[in-house]
Every structure is written in structure tokens, then in C-alpha cells.
Amino acid sequence: MTYSSLEEIESRKTKLKDDIQQQSGHISTLWRGLTAPQPASSKGEMIAGLISNSITAIDAFLLVRKLIRNYGFLFGRKKRK
């Protein structure tokens, strides 16, 4: 797109800035909705969430343990073979 005057550039810049602010507001609204904790409506959902979080924590622990075991020399834990 070509512009022939500074006024055209300024108007395009203003329009783009308004579009970015509008999209930023929309994205922040969507992000808040995505990251907000959903209240468990029943005891079963609460227990399912607790189990899911526990499994995630155990998985992370096992992953770190495996990485330290295989690449411990990077963390100063043992000497490289």
C-alpha cells in the first residue's frame, strides 16, 4: 500500500492503533475467561480435579527426576560418564 501524504500515514497509524487496542481488550477478556478457575459444581468434579492435579504433579516430579538422572552433570549432581 502506498501513501502520498503524511496525513494518510497518520490516519492509517491512528486506525491501526485503535484496532490493536480493540483486539487487545478482546484477547484479555478471552484470556481471563480461560485462566479463571472454574468452581466445581459437585463433589465428584472437585475430586476429579484434585486427582487430575495430583497426576500432573506426579508426572512433573518423575520428569524432573528422569532429567536429573540422565543429565545430572549439567546440574552439578554427578560427573559425566
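Is Asp-19 buried, partly exposed or exposed? With a relative accessibility of 26%, Asp-19 falls in the partly exposed class. The legends below take a friendly walk through this predicted model, beginning with the whole chain and then moving to selected residues.

**View 1. The whole chain, with two helices and zero strands.** The radius of gyration is 25 Å, well over the 12 Å that the globule rule gives for 81 residues, so the chain is more spread out than a compact globule. Along the principal axes, a box of roughly 65 × 50 × 15 Å holds the C-alpha atoms. Just 1% of the 81 residues count as buried. The chain exposes about 7,900 Å², and 62% of that area is supplied by carbon and sulfur atoms.

**View 2. Charged side chains along the chain.** Look here for 14 positive and 7 negative side chains. The centres of these two sets are 29 Å apart.

**View 3. The salt bridge between Lys-15 and Asp-19.** Zooming in on helix 1, which covers residues 6-35, we find Lys-15 and Asp-19 four residues apart, a spacing of about one helical turn. Their side chains meet with an N to O distance of 3.2 Å, which is inside the 4 Å cut-off for a salt bridge. The count for the model comes to one salt bridge. Both partners can be reached from outside to some degree: Lys-15 is partly exposed at 45% relative accessibility, and Asp-19, the residue of our opening question, is partly exposed at 26%.

**View 4. Asn-53 in helix 2.** Helix 2 runs over residues 43-71, and Asn-53 is part of it. With a relative accessible area of 56%, Asn-53 is exposed, because that value is over the 50% cut-off. How far is the C-alpha atom of Asn-53 from that of Glu-10? The two atoms are separated by 51 Å, while the residues are 43 positions apart along the chain.

**View 5. A nonpolar surface patch around Leu-67.** Eight names are worth locating here: Leu-63, Val-64, Leu-67, Ile-68, Tyr-71, Phe-73, Leu-74 and Phe-75 together make a nonpolar patch of about 750 Å² on the surface. One of them, Leu-67, is found in helix 2. Leu-67 has a relative accessible area of 38% and is therefore partly exposed, as its value lies between the 20% and 50% cut-offs.

Conventions. Residues numbered from 1 in each chain as written. Predicted model: local features only at pLDDT ≥ 70, side-chain atom pairs only at ≥ 80, totals over all residues. Heavy atoms only, no water. Rg over C-alpha atoms; globule rule 2.2 N^0.38 Å. Buried < 20%, exposed > 50% of the residue type's maximum accessible area, 1.4 Å probe, protein only. Areas by Shrake-Rupley, 256 points an atom, 1.4 Å probe, with all protein chains shown as cover. Lys, Arg positive; Asp, Glu negative; His and termini not counted. Charge placed at Lys NZ, Arg CZ, Asp CG, Glu CD. Patch = residues over 30% accessible without salt bridge, like charges linked within 9 Å, V, L, I, M, F, W, Y side chains within 5 Å.
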